[in-house]
Amino acid sequence: MASPDITEMLEKSKELDRLRKEQEEVLLEINKMHKKLQNTPEAVEKPGDNSLSKLKMLYTQAKELSESEMRYLSLHCFLAWRMVKGISNQLLGQLDAMIPAGGAGQQRRRIEGNEQKKKRMKGDPDIPRLSPSMRNQQEFFASLKGEQVAARVAQEDGEKDEWVIVKVTHYDKESKEFEVLDEEPGDDEEGGGQRKYKLPWSHIIPFPKMSDLATAPEFPPGKQVLAVYPGTTALYKATVVQARKRKSDDYTLEFDDDEEDGSLPQRMVPCNQVVALPDGHRQ
């Protein structure tokens with residue numbers, strides 16, 4: 001079953017392989033430098049020798065590659081979860097359509113009962129320790145403290161999704177919830193102050209980092225995305241209009257419902273303010 005998520009997961013897997021190969025090469029260089037320093041320790045005292053500087057540079061490179069790998073692993077897990085969720089919802093809808101009306105209630109109760117069992121299993125204190133991939137994901141979420149992210153906040157009418165830029169102030173590993181701060185002052189009727197939210201990780205999308213655009217997804221022309229509307233702290237659904245030449249180039253987007261004089265204007269949005277459109281997005 002083809003989907004954009006599968007394609008993106010394959011791209012991430014290729015990038016992970018590349019990162020791991022680079023790490024192996026850097027570690028080999030580090031080992032060579034250690035052997036050299038062990039065999040000829042007096043070399044570092046010679047004028048013009050840059051062995052220690054080179055070793056420091058290699059360690060810095062190894063650290064950056066390791067951090068990039070952790071981000072890719074977390075994104076890979078998130079994409080896999082989103083793909084499985086989408087397929088499951090599709091199959092459940094097809095099964096509901098196939099089941100006779102008389103047995104639908106019983107089948108639904110059975111499915112809901114299974115969901116309750118899963119929830120109880122999740123809360124069971126005897127659950128085995130987290131797998132390495134889940135630990136990486138938890139560490140990635142905790143590392144977002146102090147970062148700006150896209151967040152889906154509650155709407156009173158529940159008919160539309162409202163996505164805004166917020167700052168992560170804390171991640172609770174027990175409840176798996178983010179504490180975030182909307183730094184944009186609210187309307188007068190809302191008190192006019194900054195608003196705080198507690199949100200599950202499924203309501204959070206990290207922005208790509210300008211310092212590490214190699215891990216950022218690439219959105220081709222025609223792809224629907226979620227992007228920060230210029231001059232605001234709100235995110236809306238948009239369509240990519242033009243291909244980019246470099247990873248650091250801005251995206252040219254057309255925002256839905258942004259009509260002016262009978263047409264949609266094209267707006268430039270920085271690449272670190274454009275993220276994948278969540279499944280089931282309502283606007």
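In the predicted model, strands β6 and β7 form a hairpin in which 5 residues lie between the two strands. Within the turn, Gly 231 adopts a positive phi of about 80°. The pairing of β6 with β7 (residues 234-240) is antiparallel and extends over 5 bridges. One position illustrates this arrangement: Val 225 has Ala 238 of β7 as its bridge partner. Strand β6 also pairs with β10 (residues 274-276), again in the antiparallel sense, over 3 bridges. Here Val 225 stands opposite Ala 276 in β10. Because 4 of the 5 residues of β6 are buried, this strand is largely enclosed by the rest of the structure.

These strands belong to a chain whose secondary structure comprises 4 helices and 10 strands. Along the sequence, the elements follow the order α-α-α-α-β-β-β-β-β-β-β-β-β-β. Of the 283 residues in the chain, 32% are classed as buried. Among contacts between residues at least 6 apart in sequence, 54% connect residues at least 24 apart. The exposed area of the chain is about 18,300 Å², of which carbon and sulfur atoms contribute 51%.

Charged side chains were examined next. Side chains of opposite charge can pair when their charged atoms come close. In total, 8 salt bridges were counted. One of them joins Lys 209 to Glu 147, with 3.6 Å between the closest N and O atoms. This pair links distant parts of the chain, since its two members are 62 residues apart. Lys 209 lies in the loop between β5 (204-206) and β6 (224-228), whereas Glu 147 is found in the loop between α4 (132-142) and β1 (148-153). Both residues are partly exposed: the relative accessible area is 33% for Lys 209 and 28% for Glu 147.

Arg 267 takes part in two of the salt bridges, with Asp 258 and with Glu 260. The closest N and O atoms are 2.7 Å apart in the pair with Asp 258, and the N to O distance is 3.0 Å in the pair with Glu 260. The two acidic partners fall into separate accessibility classes: Asp 258 is buried, at 10% relative accessibility, while Glu 260 is partly exposed, at 41%. Asp 258 is assigned to the buried class because its value is under 20%.

A further network of salt bridges connects Glu 218, Arg 244 and Lys 247. Arg 244 is also placed over the face of Tyr 251, at 4.0 Å from the ring centre.

Aromatic side chains form a second group of interactions. A pair of aromatic rings is described by the distance of the centres and the angle of the planes. The count of aromatic pairs is 8. Tyr 171 and Phe 178 form a tilted pair, with 4.7 Å centre to centre and 45° between the planes. Both of these residues, Tyr 171 and Phe 178, are buried. An edge-to-face arrangement is seen for Tyr 229 and Tyr 236, whose centres are 6.2 Å apart and whose planes meet at 90°. Tyr 236 is partly exposed, with a relative accessibility of 36%.

Tyr 171 and Phe 178 are also members of a cluster linked by ring pairs. The cluster further contains Phe 140, Phe 141 and Trp 201.

Technical notes. Residues numbered from 1 in each chain as written. Predicted model: local features only at pLDDT ≥ 70, side-chain atom pairs only at ≥ 80, totals over all residues. Heavy atoms only, no water. Salt bridge = Lys/Arg side-chain N within 4 Å of Asp/Glu carboxyl O. Buried < 20%, exposed > 50% of the residue type's maximum accessible area, 1.4 Å probe, protein only. Pairing = 2+ DSSP bridges. Contact = heavy atoms within 4.5 Å. Areas by Shrake-Rupley, 256 points an atom, 1.4 Å probe, with all protein chains shown as cover. Phe/Tyr/Trp six-rings, centres within 6.5 Å; stacked < 30°, edge-to-face > 60°. Lys NZ or Arg CZ within 6 Å of the ring centre and 35° of its normal.
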